[in-house]
Amino acid sequence: MIRIAAVGDTHFGADSAGTLRPHLDALDAHADLFLLAGDLTRVGTEHEAAVLARELAGVSVPTVAVLGNHDFHSNEVGAVHRVLADAGITVLEGGTRTVQADGTTVGVAGVKGFGGGFAGACGSDFGEAEMKSFIQHTKCVADSLRDALDSLRTDVRVALMHYAPIKDTLSGERLEIFPFLGSYLLGEAVDAVGADLVVHGHAHAGTESGVTPGGIHVRNVAQPVIRHSYRLYCLDGNGETGPQCADPG
Amino acid sequence: MTHLSEPDEPPQYLVARVKDALANDPRGGELDIRVKIAGTGVFLSGSVSTPARRDAIATVVGELLPEFDLHNSISVTDMSEDPAPERIE
């Protein structure tokens with residue numbers, strides 16, 4: 001049994017110090033891996049990343065993150081990445097991280113993702129250069145996700161992203177903004193090579209649970225959706241018995 | 001800060017400009033606040049992570065639309081309860 005804690009959209013700012021740390025005390029005892037699904041900061045400054053890094057100091061389980069659109073806003077993404085990496089957090093963009101826990105190997109493939117919409121109602125790589133650039137970026141990110149996920153040879157494979165790969169977990173959001181919340185290309189990439197779980201954020205008014213067209217579990221862990229410091233998911237790995245999926249409370 | 005509203009301006013345009021201000025004002029950085037203008041009131045809803053964020057948003061909107069009654073229903077996410085685990089099968 002592998003236990004994965006996950007949260008996205010923490011939107012840390014100078015006023016956020018002390019808001020998360022008290023809820024992480026139980027994390028080491030109840031999780032094997034901690035995933036951060038982007039929009040970690042309010043407007044993507046180095047200072048905001050440092051506030052979050054200090055908050056996560058002392059978390060001993062491997063912590064793996066992707067960045068979100070907010071983390072890019074102040075054009076300090078390099079510094080944000082560095083501050084988090086210096087704090088021991090693995091920040092993925094087309095890469096992977098493998099963790100071993102209780103005889104089970106878990107691989108995480110992570111990308112920010114991007115928008116574009118969902119099959120039947122999505123943008124096309126056509127027309128103005130700006131529109132082509134928009135959709136080409138999503139295609140590039142989706143290709144990167146597929147390749148990273150496909151490279152994993154672990155018992156459990158997790159796809160981590162900020163933008164949504166399916167419409168299910170957007171339920172509650174306004175239909176008009178779906179193309180800015182995610183892209184079917186991300187879901188298609190996951191279905192092409194397979195995974196055991198997809199974790200994303202970004203859709204604050206969405207729904208936690210969904211499934212890809214290929215039948216892979218998807219969870220939207222945006223903090224306004226889960227309304228907790230994190231959510232805990234337990235997955236069977238290689239069938240060996242291990243620590244139970246205990247309620248942190 | 002400059003006031004946004006012009007006499008008889010349709011509320012749809014005001015809502016768009018308020019949301020743009022909430023995204024770009026240094027005190028904001030918020031894209032997910034719902035803004036509705038009805039009658040003489042501006043109604044805010046959604047959730048943020050700290051009380052200071054909630055108050056800052058109200059300040060920004062109050063400066064932009066001083067002639068409107070401000071109704072701030074933005075909630076602060078309560079993380080005091082530990083989450084129940086889910087087994088994925």
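Modeller: A pocket is an open set of grid points with protein on both sides within 12 Å along at least five of seven lines. Keep in mind that this model is predicted.

Colleague: How do I look for empty space, and which helix gives the most to the lining of the second largest pocket?

Modeller: Rolling a probe the size of a water molecule over the atoms shows where empty space is left. Here, helix α6 of chain A, residues 184–193, leads that lining with 4 residues. The second largest pocket has a volume of about 190 Å³. Its lining counts 13 residues; F118(A), P165(A), I166(A), Y184(A) and P213(A) lie nearest the centre. By class, that lining has 7 nonpolar, 2 polar and 4 charged residues.

Colleague: What space lies in the largest pocket, and which residues lie nearest its centre?

Modeller: The largest pocket holds about 850 Å³. Of its 32 lining residues, I177(A), L181(A), K19(B), L31(B) and D32(B) lie nearest the centre. α1(B) gives the most to this lining, with 6 residues. Elements supplying at least two residues each include α5 (178–181) of chain A and β1 (34–38) of chain B. The class split is 15 nonpolar, 9 polar and 8 charged.

Colleague: Now a single residue. Is T63(A) buried or exposed?

Modeller: Buried means under 20% relative accessible area. T63(A) has 7% relative accessibility, so T63(A) counts as buried. This residue lies in strand β3 of chain A, residues 63–66.

Colleague: What does the side chain of T63(A) reach?

Modeller: The backbone oxygen of V61(A), at 3.2 Å. Beyond four places in sequence, T63(A) contacts F34(A), L36(A), G88(A), I89(A), T90(A) and R97(A).

Terms used. Residues numbered from 1 in each chain as written. Chains lettered and ligands numbered in written order. Predicted model: local features only at pLDDT ≥ 70, side-chain atom pairs only at ≥ 80, totals over all residues. Heavy atoms only, no water. Buried < 20%, exposed > 50% of the residue type's maximum accessible area, 1.4 Å probe, protein only. Polar contact = N/O pair within 3.5 Å; in protein donor to acceptor, adjacent residues only side chain to side chain. Contact = heavy atoms within 4.5 Å. 1 Å grid on protein atoms, 1.4 Å probe; cavity = no way out; pocket = protein on both sides within 12 Å on 5 of 7 lines; lining within 4 Å. Points joined across faces, edges and corners; volume = space filled by probe spheres on them. Nonpolar A, V, L, I, M, F, W, Y, C, P; charged D, E, K, R; others polar.
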